[in-house]
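Here's a structure to talk through at the bench. Have a look first, then we'll go over it in questions and answers.

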Amino acid sequence: MSLMGTVLKRSFSSSAGRAAIKHVTVIGGGLMGSGIAQVAAQTGHDVTMVDMSEDILSKSTKYIEKNLTRVVKKKFKDDAEGGEKFLRETMARLSTNTDANNAAQKTDLVIEAIVENLDVKQKLFSGLDKAAPQHTIFASNTSSLPIKDISVSTSRADRFGGLHFFNPVPIMKLLEVIRLPETSDATFQSLMDFGQAVGKTTVEAKDTPGFIVNRLLVPYIMEAVRLLERGDASARDIDVAMKLGAGYPMGPIELADYVGLDTCKFIIDGWNKSMPDNPLFNPSPMLNKLVSEEKLGVKTGEGFYKYGKK
Ligand SMILES: CCCCCCCCCCCCCC(=O)CC(=O)SCCNC(=O)CCNC(=O)[C@H](O)C(C)(C)COP(=O)(O)OP(=O)(O)OC[C@H]1O[C@@H](n2cnc3c(N)ncnc32)[C@H](O)[C@@H]1OP(=O)(O)O
Ligand SMILES: NC(=O)C1=CN([C@@H]2O[C@H](COP(=O)(O)OP(=O)(O)OC[C@H]3O[C@@H](n4cnc5c(N)ncnc54)[C@H](O)[C@@H]3O)[C@@H](O)[C@H]2O)C=CC1
């Protein structure tokens, strides 16, 4: 479906029993949050993006505008005026706020995309639970934490679920929608409808470690880093091998850099703690060293590889 078709479909898509999502609050304006805010705004939702400082939010907003320009170039190739209007209207639907509780006061859906740390996420949701209206649905974009462990910081387990987007959000077509036993049918349907409204193909996943994709992807990337640590192959050769030999768009080492090595470390440390008997999730000295040197991958200009200045 075309982009404009998606916007139109959204206006007619809510049906009885489930709430239509009109206003979305995205908490975290980093790699994922900025992408989620972008796709929600470009499909006709009003969006408030929240982060810790005006400076971060200003950079995230510029990043969104740059990525929207790429969308405009593709979708409005022969319609400069239409492209200009689309860009202007999308940006007008996006606002920012440094106060999450304030932003959540009038919103239908909160999507959390902050640092992968359970304590920080719980603290955030506990405050939001008091600030947001009764009908507001909460969702986390966590890669690896149990949704249940995050939801217990609120009193709205029936209005809580997972919305797991993929990086880069504007390009990746999949959305995993995670349902807890406590998630109500209406909430789950609203989350599925929202996923489709933002142009994603949705799959339903249970609240098990890594849901579907990361349960398979994390061990794969870990094995690649172990191969590198043992000196069995170079980073370049591992990446070339998996791109040309298995048809992946990126090799596993460059993908780890793309995800962010701090996020990779949070995932591995968490799974090592919760599954101590599985040697697959033992810490990686190479990863730990890079993170301690603040070489976090593409976002800081260096990780396993070096990149141009960010
Ligand atoms: C031992 C310890 C080790 C620790 C390991 C721990 C591992 C833990 C890892 C767990 C990860 C968890 C993360 C997660 O929860 C889930 C994920 O998101 S996993 C990541 C999934 N993503 C991928 O796999 C990405 C794979 N890569 C690609 O699909 C492509 O390479 C990519 C699209 C990124 C870039 O394509 P490429 O052709 O290489 O480059 P281009 O620049 O030409 O882009 C192509 C096309 O796309 C447009 N575009 C790119 N980015 C954006 C954007 N942000 N917004 C809008 N548009 C974008 C670009 O303009 C191009 O468009 P054209 O029309 O083709 O010009
Ligand atoms: N990087 C990836 O490829 C993917 C990451 N995820 C998950 O998405 C979440 C975010 O990841 P990224 O966007 O990569 O991280 P990031 O580091 O790029 O962005 C996180 C943002 O959250 C902000 N933040 C931290 N604490 C905050 C708070 N209390 N209130 C408001 N803002 C706060 C930070 O300032 C930062 O801008 C994590 O849970 C991660 O596991 C999910 C899918 C893919």
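Helices (H or I, at least four residues) and strands (E, at least two) are DSSP runs, numbered from the N terminus. This is a predicted model, where local features need pLDDT of at least 70, side-chain atom pairs count only at pLDDT 80 or more, and totals for chains, interfaces and linings use all residues. Residues are numbered from 1 along each chain as its sequence is written, with chains lettered from A and ligands numbered from 1 in the order in which they are written.

Reader: Which helix gives the most to the shell around ligand 1?
Author: Being near means a C-beta atom, placed from the backbone, within 6 Å of the molecule. Among the elements giving two or more residues to that shell are H3 (54-75) and H11 (252-259). The top giver, with 7 residues, is H9.

Reader: Where does ligand 1 lie with respect to the two domains?
Author: The domain assignment, which is automatic or from a database, gives domain 1 (3-206) and domain 2 (214-298). Their C-alpha centres lie 27 Å apart. Both give residues to the shell around ligand 1, so the ligand lies between them.

Reader: Which strands stand at the edges of the open sheet of 8 strands?
Author: Strands pair if DSSP finds at least two bridges between them. The order is E3-E2-E1-E4-E5-E6-E7-E8, with mixed pairing. Each edge strand has a single partner, so one side is left without a neighbour in the sheet; these strands are E3 (94-97) and E8 (201-206).

Reader: What is the bridge partner of histidine 164 in E7?
Author: Strand E6 (residues 160-164) runs antiparallel to E7 (residues 174-179), and 3 bridges join them. For histidine 164, the partner in E7 is glutamate 176.
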